[in-house]
2 protein chains.
Amino acid sequence: MQVEEQHESGTAPTAAPRRSDATRGAILAAARERFAADGYERATIRAIAREARIDPSMVMRYYGSKEGLFAAVLDVDLRLPDPAALDRDDVGRVLVGHFLDLWEESEVLTAMLRVGVTNPSGAERMQGIFRDQLTPVALLACPDPEQAPARAALCASQLLGLGLTRYVLRLPPAVTLHREEIVAWLGPTVQRYLTAPHP
Amino acid sequence: MQVEEQHESGTAPTAAPRRSDATRGAILAAARERFAADGYERATIRAIAREARIDPSMVMRYYGSKEGLFAAVLDVDLRLPDPAALDRDDVGRVLVGHFLDLWEESEVLTAMLRVGVTNPSGAERMQGIFRDQLTPVALLACPDPEQAPARAALCASQLLGLGLTRYVLRLPPAVTLHREEIVAWLGPTVQRYLTAPHP
DNA sequence: CTGGACCGTCAACACCTGTTGGCATACGGT
DNA sequence: ACCGTATGCCAACAGGTGTTGACGGTCCAG
């Protein structure tokens, strides 16, 4: 995979604007959509290219390989709220609401889950995302810092389980539940995983 | 897909023993393993046949198609304990322990999840399994029968989330947790989803 | 105006997929 | 002993996959 070279004289490490940025963006958007809908194997480069209205070979030129494209798609920022600014008695409800927003405002999480479940490097990627982004929150909220990773994993199990049943498997009762109900049910769970004393 | 015909004079609907039963079993076992390890698309019929030490065409003869083989593999019985015999104050812990057993004693649940996430008919199959097998437990444990499906779905979200993070994605902290810890953390959660008053 | 880098298309490659039909063999009831 | 049938293997098909290289057109710096 070739490294993208940038030939700028400026001091900022911002990439040089290229004439093909529109195409790159179209590819990325189409890839997100196809990966989310079909998972890694069934999301073919040809289908992605068709959706982006360009030639399949462009995908290869700009992203090196299917794996490279997938890596670009899965550059996920959970945008978790700053732990320091959080009300420690309300972290659970806030987190649940935030994840509901994430799942519904874009297909990135669906794509991440669909790919992470079947693709080994997708799973690694997910491990990294949750380790790097969710653990800090646990670190600030839980009593013993040493327990933070475990507590973050417990939260991940409930939050990912929610997305799995509601947005991927679409179990009808999980789809029917209203947002406030979910927050009311799952909020205290996450809250307990983060702040309750080790049982 | 041809229906298997059985020509027995007896009254019992038990299938006639066939000379090929050993082969059929080998195919099924290999399929479970490959589906669990690779998901639907990457588990090729050729790989399954190789593992079962037979010819790929045998798979077609005995199971009609890849989809048919997959349907045979995903005939999952969760073997949930009889709700009537359950201690209503301990359902949560019992369920969590039972699911941990299920995930660890065979690869069926892993296969089910891997396939259900990427394959539409796999998702349908999972919907049926949890609707038919988990809802009765909720029905007996929860206060209002009308809420049983929703409560069952909440339990499914936590129980499947556990399997997802621990056995499929293998998030390290989730793998490290000991059985008793998981039961102690998740048991009360499931208990609450089943028996607590609607928030 | 000109040369070179960029952008996009086309056709093709080598490989792998599910699936099919034909052929040999071994079994089991009569 | 015979014959229909179940069982298994082999070779092949048609279609789809990721990936590659060559070929024009377009833009911009010189």
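This is a short tour of a predicted model, moving from the domains of chain A to the interface with chain B and then to the two DNA strands.

**Stop 1: the two domains of chain A**

Start by colouring chain A by domain: residues 21-73 belong to domain 1 and residues 83-195 to domain 2. If you place a marker at the C-alpha centre of each domain of chain A, the two markers will sit 27 Å apart. Now select the residues where these domains touch, and you should have 12 from domain 1 of chain A and 11 from domain 2 of chain A.

About 930 Å² is buried between domain 1 and domain 2 of chain A, with carbon and sulfur atoms giving 60% of that area. Show A36(A), Y40(A) and F70(A) as sticks: these three supply 45% of what domain 1 of chain A buries against domain 2 of chain A, more than any other three residues.

What holds for polar pairs between these domains? The count is 2 residue pairs in polar contact between domain 1 and domain 2 of chain A, with both residues at pLDDT 80 or more. For salt bridges between the two domains of chain A, the count is 0.

Next, highlight α1 (21-42) and α4 (66-73) of chain A, the elements that each give two or more residues to the side of domain 1 that touches domain 2 in this chain. On that side of domain 1 of chain A, the largest share comes from α1(A), with 9 residues. Colour the touching residues of domain 1 of chain A by class and you get 6 nonpolar, 1 polar and 5 charged.

**Stop 2: where chain B meets chain A**

Bring chain B into view. How many residues of chain B are in contact with chain A? Select them and you will find 47 from chain B, in contact with 47 from chain A. Together the two chains bury about 3,900 Å², and 70% of this comes from carbon and sulfur atoms.

For sticks here, pick V117(B), L169(B) and W185(B). These three supply 19% of the area that chain B buries against chain A, more than any other three residues.

The interface of chain B and chain A has 2 salt bridges. To see a salt bridge, zoom in on R42(A) and E41(B), whose side chains meet at 3.9 Å, N to O. Across the interface of chain B and chain A there are also 18 residue pairs in polar contact, both residues at pLDDT 80 or more.

Switch to a cartoon of chain B and look along its helices. The side that touches chain A draws two or more residues from each of α1 (21-42), α6 (108-118), α7 (120-141), α8 (148-168), α9 (172-176) and α10 (179-195) of chain B. Of the elements of chain B, α8(B) gives the largest share of the side touching chain A, 14 residues. By class, the side of chain B that touches chain A divides into 28 nonpolar, 11 polar and 8 charged residues.

**Stop 3: DNA strand D**

Now select DNA strand D and the 19 residues around it, of which T44(A), R46(A), K66(A), T23(B) and R61(B) come nearest. Among the atoms of DNA strand D within 4 Å of the protein, 53% are sugar and phosphate.

Two phosphate contacts are worth a distance label. A polar backbone atom of I45(A) is 3.2 Å from a phosphate oxygen of DNA strand D, and a backbone N or O atom of D55(B) lies 2.9 Å from a phosphate oxygen of that strand. For a base contact, turn to S57(B), where a polar side-chain atom is 3.2 Å from a base nitrogen of DNA strand D.

In the cartoon, α3(B) gives the largest share of the surface near DNA strand D, 4 residues. That surface near DNA strand D holds 5 nonpolar, 6 polar and 8 charged residues.

**Stop 4: DNA strand C**

Finish with DNA strand C. Which residues come nearest to DNA strand C? Of the 19 around DNA strand C, they are T23(A), R61(A), T44(B), R46(B) and K66(B).

Label the side chain of Y62(A), which has an N or O atom 3.3 Å from a phosphate oxygen of DNA strand C. Then move to chain B, where a polar backbone atom of I45(B) is 3.1 Å from a phosphate oxygen of DNA strand C. Beyond the backbone, a polar side-chain atom of R46(B) lies 2.7 Å from a base nitrogen of DNA strand C.

Last, highlight α3(A), which gives the most to the surface near DNA strand C, with 4 residues.

Terms used:
Residues numbered from 1 in each chain as written. Chains lettered and ligands numbered in written order. Heavy atoms only, no water. Domains from an automatic or database assignment. Contact = heavy atoms within 4.5 Å. Buried area = accessible area lost by both parts, 1.4 Å probe. Salt bridge = Lys/Arg side-chain N within 4 Å of Asp/Glu carboxyl O. Polar contact = N/O pair within 3.5 Å; in protein donor to acceptor, adjacent residues only side chain to side chain. Nonpolar A, V, L, I, M, F, W, Y, C, P; charged D, E, K, R; others polar. Near = heavy atom within 4 Å.
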